[in-house]
Each structure stands twice: as structure tokens, then as C-alpha cells.
Amino acid sequence: MHRVAVQWIVGLLQERNIPFLIVGGLAAKGYGSERDLNDIDLFVPGEHFWSVVQAGQAFVSKAAAHRREEGWDLTYVQFTYEGVKVEVGSAEGPRILEAGNQAWIPLEIDVSRQETVQLLGMALPLMLREDLIRYKEALSRPVDIEDIRAMREGT
């Protein structure tokens, strides 16, 4: 099912020439993590965010809004496609809660800082391994620690 959902969101973005960056568990999978995916997370540049929301309107399961929850402070929309959650964030100003000192820190999202990796039968633009490890270290949730371990072993 994740493959179908990725194909859907990537097709939607590519049809509109919207650059994007895969982050989270799917990106970690591209660097060696083998845990089950909870969802598919990606970012688009802020100027394209509302176009994505509009294009995927039929599949919105959590309306586009600025939210501060679960260690994240950002604007995002959640789609559900074939039972899989696809969360698309705006790259404009996201922040994460650094677990060590409980401070909100900027999450720098630069879609040009990417590595293209074959994953789920597609060439996907993943957040660079070192950037992904850095943000997962800051969050330090159990899934992040598991992903970091797997990514470091995969280098």
C-alpha cells in the first residue's frame, strides 16, 4: 500500500512540477532502516504548499493548518490514500522540539539538499542522510533512535 500512496503523491507533485523532499521513516528506509512505516512524510517549498492541498483535496484527512504537536511546529496537510497517511509539510519555517533541552529549533528544509534513491520502485529525492540523522537526533523519539541506528549501520 505504501508504494501506491507514494506513486500517487509523487505523480501529483510531478504533474505540477513541484519540487519535494522525502523525510521521516521513508527517507530512513532509503538509508537502511527496516522498520514498518507509519506514514509518508515530505516537504514542499512554501510557495507550492497550497497548490498541493488543492490538488489532493479529495484525499484530505486532516485539513491544512499550522499545528504544534508531537514535537513538530509546522504547517502541513494530511492525506489518506489507499489507507496510507501522507503528510505534506510546508518548508516555510518548520521547527522541531529538541528533546534534550525542550527548546524549539528550526528545521532547515532545502529541497536542493537531496539524494535520489531507488525506493518502492521509484527514484525518490530523500533528505540527505546527515540532515535526517541531525533532525532525528534532536527529536529522539524511539522510532528516531531506531532509524538512526539503522542508518549508521548502513553507511
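This text walks through the structure from its overall build to a few single residues.

The model is predicted. Its chain holds five helices and nine strands. Read from the N terminus, the elements run α-β-α-β-α-β-β-β-β-β-β-β-α-α.

Start with the overall dimensions. The C-alpha trace spans about 40 × 35 × 30 Å along its principal axes. A compact globule of 155 residues would have a radius of gyration near 15 Å, and the chain has 14 Å, so the two agree. Of the 155 residues, 50% count as buried. Contacts also reach across the sequence. Among those between residues at least 6 apart, 58% join residues at least 24 apart.

Now the surface and the charges. About 7,700 Å² of the chain is exposed, and carbon and sulfur atoms supply 46% of that area. The chain carries 16 positive and 23 negative charges. The mean positions of these two sets are 2 Å apart.

Next come the helices, beginning with H1. Helix H1 covers residues 2-15, which makes 14 residues. From first C-alpha to last it reaches 20 Å, close to the 20 Å expected at 1.5 Å a residue. Its buried residues are Ala5, Val6, Trp8, Ile9, Val10, Leu12 and Leu13. What lies over them? The cover includes helices H2 and H3, along with strands S2, S4, S5 and S9. Asparagine 17 follows H1, and its phi is positive, near 55°.

Move on to the helices H4 and H5. In H4, the buried residues are Asp131, Leu132, Ile133, Tyr135, Lys136, Ala138 and Leu139. Helix H5 spans residues 142-153 and has 12 residues. It reaches 17 Å from its first C-alpha to its last, close to the 16 Å expected at 1.5 Å a residue. Asp144, Asp147, Ile148, Ala150 and Met151 are the buried residues of H5. Their cover includes helix H2 (24-30) and helix H4 (129-139). Helix H2 thus has a part in two places: it helps to cover buried residues of H1, and it does so for H5.

Between H4 and H5 runs a loop, and serine 140 lies in it. Serine 140 follows H4. Its phi is positive, about 50°, although the residue is not a glycine. Why does that deserve a look? Most residues other than glycine have a negative phi. Serine 140 has a relative accessible area of 33%, so it counts as partly exposed.

Glutamine 102 is another such case. It is not a glycine, yet its phi is positive, about 55°. Glutamine 102 sits in the loop between strand S6 (95-98) and strand S7 (103-106). Is it buried or exposed? Its relative accessible area is 52%, over the 50% cut-off, so glutamine 102 is exposed.

Leucine 119 gives a view from a strand. It belongs to strand S8, residues 114-119. Its relative accessibility is 12%, under the 20% limit, and therefore it counts as buried. Which residues does leucine 119 touch, leaving aside those up to four places away in sequence? They are Leu26, Lys29, Gly30, Leu124 and Leu126. Leucine 119 and serine 33 are 86 residues apart in sequence, and their C-alpha atoms are 12 Å apart in space.

Terms used
Residues numbered from 1 in each chain as written. Predicted model: local features only at pLDDT ≥ 70, side-chain atom pairs only at ≥ 80, totals over all residues. Heavy atoms only, no water. Helix = DSSP H or I, 4+ residues; strand = E, 2+ residues; numbered from the N terminus. Expected span 1.5 Å × (residues − 1). Buried < 20%, exposed > 50% of the residue type's maximum accessible area, 1.4 Å probe, protein only. Contact = heavy atoms within 4.5 Å. Rg over C-alpha atoms; globule rule 2.2 N^0.38 Å. Areas by Shrake-Rupley, 256 points an atom, 1.4 Å probe, with all protein chains shown as cover. Lys, Arg positive; Asp, Glu negative; His and termini not counted. Charge placed at Lys NZ, Arg CZ, Asp CG, Glu CD.
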